[in-house]
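Work through the exercises below with the sequence and the model open. Each task is followed by a stepwise solution.

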Amino acid sequence: MLNSAPPRFMASAAGAYLAAPPLSPEDLTMVLLVRQDKDSADTPMPTVTVGEIPGVVRELAAVGIHSVKIFAGARRRDRLASGALKKDSLMVRAIGAAKEPLGSATTVLTETCLCGYTDSGNCYVTNGSGMIAERRSVEAIAAQAAVQAAAGADIVGPAAMLPGCTEAVRSALDEDGHGGVGIMPHLIFSSSLYQGFRSTMHAEPRDGRPHQISPFQPSAALASALQMTREGADVVLLEPALASADLVPALTGAGIKVAPFSVSGEYLSLTRVQADGTRDCTALVEVYQMLKRSGAVRIITYAARDIARVLHRC
Ligand SMILES: NCc1[nH]cc(CCC(=O)O)c1CC(=O)O
């Protein structure tokens with residue numbers, strides 16, 4: 001399908017030997033959007049309850065996927081995002097549920113952000129007069145990361161794009177004895193492709209996302225990634241995957257590990273529900289093959305399970 005080898009090579013052992021390794025389930029991390037038991041499942045993006053997570057993790061392992069990226073917010077939200085630090089939050093319970101069936105054989109990644117906890121839907125908290133309280137936000141995200149690590153997260157994912165956040169998260173993790181926990185900060189371009197996620201997770205920002213990078217300033221993205229790396233990032237999550245693919249070779253060339261996140265809008269627009277209810281993900285497989293060729297270490301996607309099933313059939 002994606003092979004540029006001469007025709008005489010197409011079906012030969014020599015051709016297979018010389019081809020780049022094809023996409024495999026191990027390359028993929030499955031995104032889990034967690035909803036409360038009482039919440040409606042009628043949302044633009046698929047969701048799971050905490051009770052469903054162990055079964056999903058087992059199913060994923062059976063098709064060769066050993067990592068999940070968890071997003072979870074709170075029902076009650078306030079100006080200071082206090083729910084982000086609760087020790088019995090939906091996120092904490094979801095992390096435990098993901099670790100329950102297979103323990104360390106499942107790598108658990110989290111989103112570490114305030115947008116699911118603020119009454120504004122902003123990724124940061126504000127002071128009484130509505131100004132961004134940058135230091136307070138960074139401190140809250142660092143404390144949130146420590147709570148997630150204590151619950152069993154392997155890689156936390158600060159996603160507010162606030163300067164100094166990665167460094168603060170690293171310090172908070174180390175202070176609490178979580179030196180082995182990794183950090184994958186989100187490097188986010190402004191995009192129209194997040195709508196499905198935002199409405200599913202009730203994280204529509206009242207004041208936009210002022211820290212996200214303009215697509216017309218790729219040099220700002222590179223500078224941010226370098227800064228995150230200096231602050232202690234182990235790998236950078238790049239989103240939206242398709243609209244930032246040019247950055248994959250640029251960042252890997254600078255020695256930075258990159259994990260593109262194929263976001264909600266990519267899933268909704270590039271897959272199709274088939275007659276049997278499953279989703280046709282052929283176009284996404286082509287995109288992910290390109291991302292792998294470009295040097296991505298992993299690809300984070302809502303379609304991981306569907307794609308692994310197809311890869312196994314081949
Ligand atoms: N809090 C940042 C964040 N976390 C997940 C997404 C989007 C993910 C998706 O669309 O699948 C975003 C971007 C945003 O809301 O601006």
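**Exercise 1.** Determine in which sense strand β2 and strand β3 pair, and over how many bridges.

Solution. Locate β2 at residues 67-71 and β3 at residues 107-110; strands here are DSSP runs of E with at least two residues, helices runs of H or I with at least four, both numbered from the N terminus. The two strands pair in the parallel sense over 4 bridges, where pairing requires that DSSP finds at least two bridges between them. Next, find I70: this residue stands opposite T110 in β3. Finally, add helix α3 (residues 90-99), which makes a right-handed β-α-β unit with β2 and β3. Right-handed means that, with the strands pointing away from the viewer, the path from the first strand over the helix to the second runs clockwise.

The model is predicted: local features need pLDDT of at least 70, side-chain atom pairs count only at pLDDT 80 or more, and totals for chains, interfaces and linings use all residues. Residue numbers start from 1 along each chain as its sequence is written.

**Exercise 2.** Place D39 and decide whether it is buried, partly exposed or exposed.

Solution. D39 lies in the loop between β1 (28-33) and α2 (53-62). Count neighbours: D39 is partly exposed because 15 other C-beta atoms lie within 10 Å; 20 or more would make a residue buried and 12 or fewer exposed, with C-beta atoms placed from the backbone. Then compare D39 with R75: they are 36 residues apart in sequence and 9.4 Å apart in space, C-alpha to C-alpha.

**Exercise 3.** State what share of the protein chain counts as buried.

Solution. Of its 314 residues, 47% count as buried.
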